[in-house]
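This briefing covers cavities, disulfides and one loop residue. Please have the sequence and the model at hand while reading.

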Amino acid sequence: MRTQILLSLLIPFAVGITAAHAATIGPRPFFLVDQMQQGPLKEQLSACAADFLAGKKLETTLFSIGHRGAPLQFPEHTAQSYKAAAQMGAGIVECDVTFTKDKQLVCRHSQADLHTTTNILTTDLAAKCTTPFEPATKHSKANAKCLTSDITLAEFQSLKGKMDAADKTATTPQDYIKGTAGWRTDLYAATSDTLMTHKDSITLLKQLGVKFTPELKSPSVTMPYDGMSQENYAQMLIDDYKAAGVPASDVWVQSFNLDDILYWIKHEPAFGKQAVYLDGRNSKQIDIMDANSFKPSMQALKDMGVNYIAPPLWMLVTAQDGKIVPSIYATQAKAAGLNIIAWSLERSGPLTTGGGWYYQSINNIVDNDGAVYELLDVLANQIGVSNVFSDWPATTTFFANCMGLK
């Protein structure tokens, strides 16, 4: 079901927003349209923007996925980041799933990122980190490594989230946990710091009226861990949705580990039907313009029962005659009948210098932030992706509404 949301540039962030409340996409989508190069797409989106500014209603859309919530401005995987994503019309929100020392599932992008995404180094729990804080010297950078498996669930819940960043020149833990990129912000971080267990995320996202895409993160510890096998770990994730009464049709489970996907297909076929195989290969492992480099092939994945593949943005497109066009990777995936989910829009900094890693296949023709919509147009209208992750879901919500994408 698609929930209608009102466009208003004046409605402040509502910490207690639910699916029944009015919401806003804010000014960023319109800023990006203004940055676009002149042409038919800009004219179309400008006209669409005018309609919304005049009061036309937007709708929440499954096309728009909140990547870790809305971490362009809110600390990732916090309650406040998830609420912001839902407010901006993301129909699906992501919880990356890992586990604590007592084998409880929590939402973190990595099992080994507490030192950059929480305040752990400035608490008594710092002593429990795999690598306690080491200050920078003339010859080495500051260092630390804190795993969720270093601490118990209760200890995890005592921490506060922050923007994912670290100052490698720091000589104190207090300075180390700073370093937020200039194109993000700490404006909301001090009061948007509520960490989430996996079960808590399910409860909250149900309340917000959105759907789920949990990612089973690769463990940073050797498996089996304290008697828990990789298969046990994969099953635990599914069991949380069953216990919460969430239908499998509302869940897109993800993993970079193909064995996890095949486990779900075999043992939890209802959830396996929408299991998402995340493609983590780099440009040295795969040539997006050479189908012979796809191992396994797209058809082989489909024959295994895989229905969804999710590559990074750069795998899906290439540059041709100064324009963004679909890659062979994208056309082969569609030809095999795979649904495609792209990640992750607005994860890079400003696009004036090409966009970095996520845009590596089109860096030479990306020179302004408006290129976001040129890329989205190719992804949606030429390739036919089913969903797009974004660090600021308002951008994809606006585009989907303009293009009539569900």
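How many cavities of 30 Å³ or more does the count come to? The count comes to two. The model is a predicted one. Besides these cavities, the structure holds three disulfides, and the points below take each topic in turn.

**Cavities**

- Two cavities of 30 Å³ or more are counted, and the second largest cavity has a volume of about 40 Å³.
- The lining of the second largest cavity consists of P71, F74, P75, E76, M163, D164, R184 and R347.
- Sorted by class, that lining has four nonpolar and four charged residues, with no polar residues.
- Since Pro, Phe and Met count as nonpolar, P71, F74, P75 and M163 belong to the nonpolar part of the lining.
- Asp, Glu and Arg count as charged, which places E76, D164, R184 and R347 in the charged part.

**Disulfide C48–C402**

- C48 and C402 are joined by a disulfide, with an S to S distance of 2.0 Å.
- The pair ties together parts that are 354 residues apart in sequence, because C48 lies in helix α2 (residues 40-53) and C402 in helix α15 (residues 394-403).
- The torsion about the S-S bond of C48 and C402 is about -95°, so this disulfide is left-handed.
- C48 has a relative accessible area of 9% and is buried.
- C402 also counts as buried, at 16% relative accessibility, because the cut-off for buried is under 20%.

**Disulfide C95–C107**

- The sulfur atoms of C95 and C107 are 2.1 Å apart and form a disulfide.
- C95 sits in the loop between β4 (90-93) and β5 (96-99), while C107 belongs to strand β6 (residues 105-107); the two cysteines are 12 residues apart.
- This disulfide is left-handed, because the torsion about the S-S bond of C95 and C107 is about -105°.
- C95 is buried, its relative accessible area being 2%.
- C107 is buried at 0% relative accessibility.

**Disulfide C129–C146**

- A disulfide connects C129 with C146, and the S to S distance is 2.1 Å.
- C129 is found in the loop between α4 (114-117) and β7 (131-134), and C146 in the loop between β8 (143-145) and α5 (153-157), so the pair ties together parts that are 17 residues apart in sequence.
- The link of C129 and C146 is right-handed, with 95° about the S-S bond.
- The relative accessible area of C129 is 6%, and C129 is buried.
- C146 counts as buried at 0% relative accessibility.

**Pairing order**

- What is the pairing when the bonded cysteines of the protein chain are numbered in sequence order?
- The pairing is 1-6, 2-3, 4-5.
- Within this scheme, the pair 1-6 corresponds to the disulfide of C48 and C402.
- The pair 2-3 is that of C95 and C107, and the pair 4-5 is that of C129 and C146.

**Loop residue N119**

- N119 lies in the loop between α4 and β7, and C129 lies in the loop between α4 and β7 as well.
- Is N119 buried or exposed?
- N119 counts as buried, because its relative accessibility is 19% and the cut-off is under 20%.
- With neighbours within four places in sequence left aside, N119 is in contact with L159 and K160.

Definitions and conventions
Residues are numbered from 1 along each chain as its sequence is written. This is a predicted model: local features need pLDDT of at least 70, side-chain atom pairs count only at pLDDT 80 or more; totals for chains, interfaces and linings use all residues. Side-chain values use heavy atoms; hydrogens and water are left out. On a 1 Å grid over the protein atoms alone, a cavity is a set of points where a 1.4 Å probe fits but cannot get out, and a pocket is an open set with protein on both sides within 12 Å along at least five of seven lines; lining residues have an atom within 4 Å of a point. Grid points are joined across faces, edges and corners, and a volume is the space filled by probe spheres set on the points. A disulfide is a pair of cysteine sulfur atoms within 2.5 Å. Helices (H or I, at least four residues) and strands (E, at least two) are DSSP runs, numbered from the N terminus. Buried means under 20% relative accessible area, exposed over 50%, partly exposed in between (1.4 Å probe, protein chains only). Contact means heavy atoms within 4.5 Å.
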